[in-house]
Amino acid sequence: MAMWTVVSMMIHSSVLTVLLGIHAFAAADSSGELKFLSDVQVRSPRSAILPELEKVMGSDHRRTTEARVANLEEALRSMFVSLPKNERGALRPPAARHALHRLFMQLHGWQLMGLHAGGETWDAASPVEALGDRLPDDARKLFETRLQEYGLDLHELAVLAATLENMVHAEADIRLAATFQAVEQPMQ
């Protein structure tokens with residue numbers, strides 16, 4: 001009797017594994033017809049994010065962002081792979097917010113306002129809120145549009161992370177200069 005229970009459990013486990021595997025590679029379209037995700041037409045942004053960001057923020061921002069992106073992509077890769085994605089294979093706002101929060105906690109010990117859940121659910125706000133009013137409206141709008149309409153792929157998430165890092169470093173430079181000025185010491 002116990003052997004039949006074990007066999008039955010193995011069969012149920014195998015069926016469940018197969019069904020989960022099909023679910024991971026297939027989706028129903030609006031008509032309810034089952035299609036494999038490779039057959040689903042997914043909208044993608046028309047252009048790369050760095051050239052668009054350069055138009056808004058300038059070439060200096062692009063250079064500092066490009067210098068950080070490769071390392072940030074590597075730091076985000078395993079987390080990115082494990083998070084839920086949309087049909088494009090990109091992260092939606094809650095997953096992007098969580099990924100950025102964890103990245104900055106792990107790399108720098110930073111808890112940026114707008115990224116930390118602070119008792120809310122992770123889907124309560126967009127990670128673009130962490131940009132605050134420190135960036136031009138066009139830059140915030142660029143990230144928000146990408147995030148809401150398409151989601152962010154690994155590269156785009158790393159660009160957003162680099163932009164946040166640039167923002168934090170620029171603010172630290174301003175405060176450091178103000179401190180040196182307050183104590184009447186030259187910055188060297």
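Which residues lie nearest the centre of the largest pocket? In this predicted model, the residues nearest the centre are Leu112, Met113, Ala130, Arg134 and Met167, which belong to a lining of 13 residues. The space within this largest pocket amounts to about 220 Å³. By residue class, the lining comprises five nonpolar, three polar and five charged residues.

The protein chain that carries this pocket contains six helices and two strands, and its elements, when read along the sequence, follow the pattern α-β-β-α-α-α-α-α. The chain is 188 residues in length, and 31% of these residues count as buried. When contacts in the protein chain between residues at least 6 apart in sequence are considered, 63% are found to join residues at least 24 apart.

The largest nonpolar core consists of 37 residues, among which Phe104, Leu157 and Leu164 touch the most other members. Two or more residues are given to this core by each of the elements α2 (49-57), α3 (59-82), α4 (93-108), α5 (137-149) and α6 (154-182). Of the contributions to the core, that of α6 is the greatest, at nine residues. The surroundings of Leu157, one of the core residues that touch the most other members, can be described in further detail. When neighbours within four places in sequence are left aside, Leu157 is in contact with Leu76, Phe80, Leu91, Ala96, Ala99, Leu100 and Leu152.

Helix α6 also holds Thr179, a residue that counts as partly exposed because its relative accessibility is 46%, a value that falls between the limits of 20% for buried and 50% for exposed residues. A polar atom of the Thr179 side chain is placed 2.8 Å from the backbone oxygen of Arg175.

In the segment after α6 lies Glu184, a residue other than glycine whose phi is nevertheless positive, with a value near 55°. With a relative accessibility of 70%, Glu184 lies over the 50% limit and therefore counts as exposed. Thr179 in helix α6 is thus described as partly exposed, whereas Glu184 in the segment that follows α6 is described as exposed.

Notes:
Residues are numbered from 1 along each chain as its sequence is written. This is a predicted model: local features need pLDDT of at least 70, side-chain atom pairs count only at pLDDT 80 or more; totals for chains, interfaces and linings use all residues. Side-chain values use heavy atoms; hydrogens and water are left out. On a 1 Å grid over the protein atoms alone, a cavity is a set of points where a 1.4 Å probe fits but cannot get out, and a pocket is an open set with protein on both sides within 12 Å along at least five of seven lines; lining residues have an atom within 4 Å of a point. Grid points are joined across faces, edges and corners, and a volume is the space filled by probe spheres set on the points. Ala, Val, Leu, Ile, Met, Phe, Trp, Tyr, Cys and Pro count as nonpolar, Asp, Glu, Lys and Arg as charged, and the others, Gly among them, as polar. A nonpolar core is a set of buried Ala, Val, Leu, Ile, Met, Phe, Trp, Tyr and Cys residues joined through side-chain atoms within 4.5 Å. Buried means under 20% relative accessible area, exposed over 50%, partly exposed in between (1.4 Å probe, protein chains only). Helices (H or I, at least four residues) and strands (E, at least two) are DSSP runs, numbered from the N terminus. Contact means heavy atoms within 4.5 Å. A polar contact is a pair of N or O atoms within 3.5 Å; within protein, one must be able to donate a hydrogen and the other to accept it, and residues adjacent in sequence count only if both atoms are side-chain atoms.
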